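Hi everyone, thanks for coming. I'd like to walk you through a couple of spots in this structure, so let's get it up on the screen.

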Amino acid sequence: MINSKYNIVSQNIIFNTKTFAKLKLDEQHLEIFNNGFFDIFNDSEKKLLADNGFLVESNEKELQEIITKLNDKEKNEMRLIIFPTMQCNFRCTYCYEDKININLDDEKYSKLIEIIDKFNGKFIYISWFGGEPSLKSSKIISFLKLVKDKCIEKKISLQCGMTTNFYLIDLNMLNNYVNSGIKYFQVTLDGLKMTHDKYRPLVDGSGTFDRVYDNLRQALISNLDFKIALRLNYDNKTDYKDFFEMMIPFSKDKRFTFEIHPICNWDEKNRDYACNDFETKERKKEIQSLMNSLKIQIDNESIFSKYMPCYACLKNNYIVDACGNIKKCTIHLNDKKNCLGKLNEFNTINDDIWTRYKYEECPNCEIFPLCLGKMCKYDNLDTFKKCRDKRVMEIEEEIRY
């Protein structure tokens with residue numbers, strides 16, 4: 001047995017990025033492990049290390065397992081992020097999108113059905129984005145009926161989700177969505193009423209917290225089958241203790257999970273409440289500690305989500321905006337290299353520049369099983385060494401915490 005190339009050692013903790021296993025060793029065992037004297041371990045210790053991926057038979061074999069899994073995923077899965085409209089009933093202060101009166105028309109919905117009909121994989125995930133997608137609920141539900149019929153005919157598994165402000169989704173509308181196949185929602189609450197209403201007002205400037213919270217409370221007391229990720233976009237100054245105390249009832253329901261993300265300056269505007277790199281890390285630790293004290297668990301996958309493959313860098317992952325443009329990234333929407341063509345040109349779309357490894361050295365990096373070499377094309381880590389060193393250092397800090 002040999003050392004997995006995907007082990008990261010931080011102080012006396014070993015973490016394997018392929019298996020997500022974490023193991024704390026005493027000084028004696030850590031020294032043995034670091035020096036590669038694996039024969040000194042007894043049989044049960046060797047089995048524990050092997051079962052969790054810390055020791056492997058072959059580095060080539062573990063790499064091939066990852067690549068085979070990636071190839072299978074990209075061949076058999078399609079993800080469509082669809083913008084039914086660019087309109088929005090909110091005017092969030094940190095939003096980077098243009099709010100224009102453009103909606104996806106019937107011709108483009110029909111073209112999407114054709115694309116789904118020609119897909120020969122096993123799984124399709126449709127994610128509704130915007131703008132605010134719930135402004136076009138009837139169009140979405142009508143379209144999904146056709147998609148469900150097509151997927152049943154082709155024996156394709158279908159999942160649907162929506163990123164929504166939840167302002168228009170009362171219990172009746174939530175029931176309609178769930179029945180149409182939309183069972184995964186991401187909903188943002190940016191703190192208590194005063195903070196949320198400041199950052200996420202309606203077009204006319206009035207508050208939105210009361211209605212969004214009431215809709216969530218109705219969902220909580222229902223028996224509907226859904227998953228809602230409650231997202232907090234945290235700033236650099238607000239105390240969120242009272243907010244998370246209010247969230248305790250939601251944390252006791254397995255249908256609800258929690259995510260935390262910093263408010264950053266994604267566009268050229270400079271917001272004094274946005275988090276810089278240092279504030280992002282410190283505030284994250286502070287909020288995680290607060291949540292732990294209240295026994296509110298952060299979604300396990302979200303802890304390492306920033307190292308996971310960027311959806312834009314995976315094959316068969318596309319954005320269809322309300323104009324019928326095919327894109328890859330939901331953040332840099334208006335960047336020229338983000339626009340691959342029109343919906344009616346779908347068969348000739350070439351996204352190789354997005355889907356290849358970011359760096360040739362990626363497969364030999366400790367974090368390759370997490371990112372699969374498909375990290376954001378827009379970050380400032382412009383060499384392999386910068387990217388690798390930063391990610392490994394962050395993970396070392398993460399697993400110690």
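Strand β3, residues 13–16, pairs with β4 in the antiparallel sense, and three bridges join the two. To find your place on that pairing, look for F15: it stands opposite K22 in β4. Before I go further, please keep in mind that this is a predicted model.

Now zoom out a little to the whole sheet. It is an open sheet of three strands, in the order β2-β3-β4, and the pairing is antiparallel. Which strands stand at the edges? Those are β2, residues 7–10, and β4, residues 22–24. Each has a single partner strand, so one side of β2 and one side of β4 are left without a neighbour in the sheet. From one strand to the next, the twist averages 20 degrees.

There is a helix to look at here too. Helix α14, which covers residues 384–400, lies across β2, β3 and β4. Relative to β2, α14 runs at about 60 degrees.

My second stop is a glutamate, E74. You'll find E74 in helix α3, residues 59–76. Is E74 buried or exposed? With a relative accessible area of 7%, E74 counts as buried, because that value falls under the 20% cut-off. So what does E74 touch? Leaving out residues up to four places away in sequence, E74 touches C313, L314, K315, N316 and K374. Let me pick out K374 from that list: a polar contact of 2.8 Å joins the side chains of E74 and K374.

That's my tour, and I'm happy to rotate the view for anyone who wants another look.

Key:
Residues numbered from 1 in each chain as written. Predicted model: local features only at pLDDT ≥ 70, side-chain atom pairs only at ≥ 80, totals over all residues. Heavy atoms only, no water. Helix = DSSP H or I, 4+ residues; strand = E, 2+ residues; numbered from the N terminus. Buried < 20%, exposed > 50% of the residue type's maximum accessible area, 1.4 Å probe, protein only. Polar contact = N/O pair within 3.5 Å; in protein donor to acceptor, adjacent residues only side chain to side chain. Contact = heavy atoms within 4.5 Å. Pairing = 2+ DSSP bridges. Axes fitted to C-alpha atoms, helices over the stretch in contact; angles between N-to-C directions.
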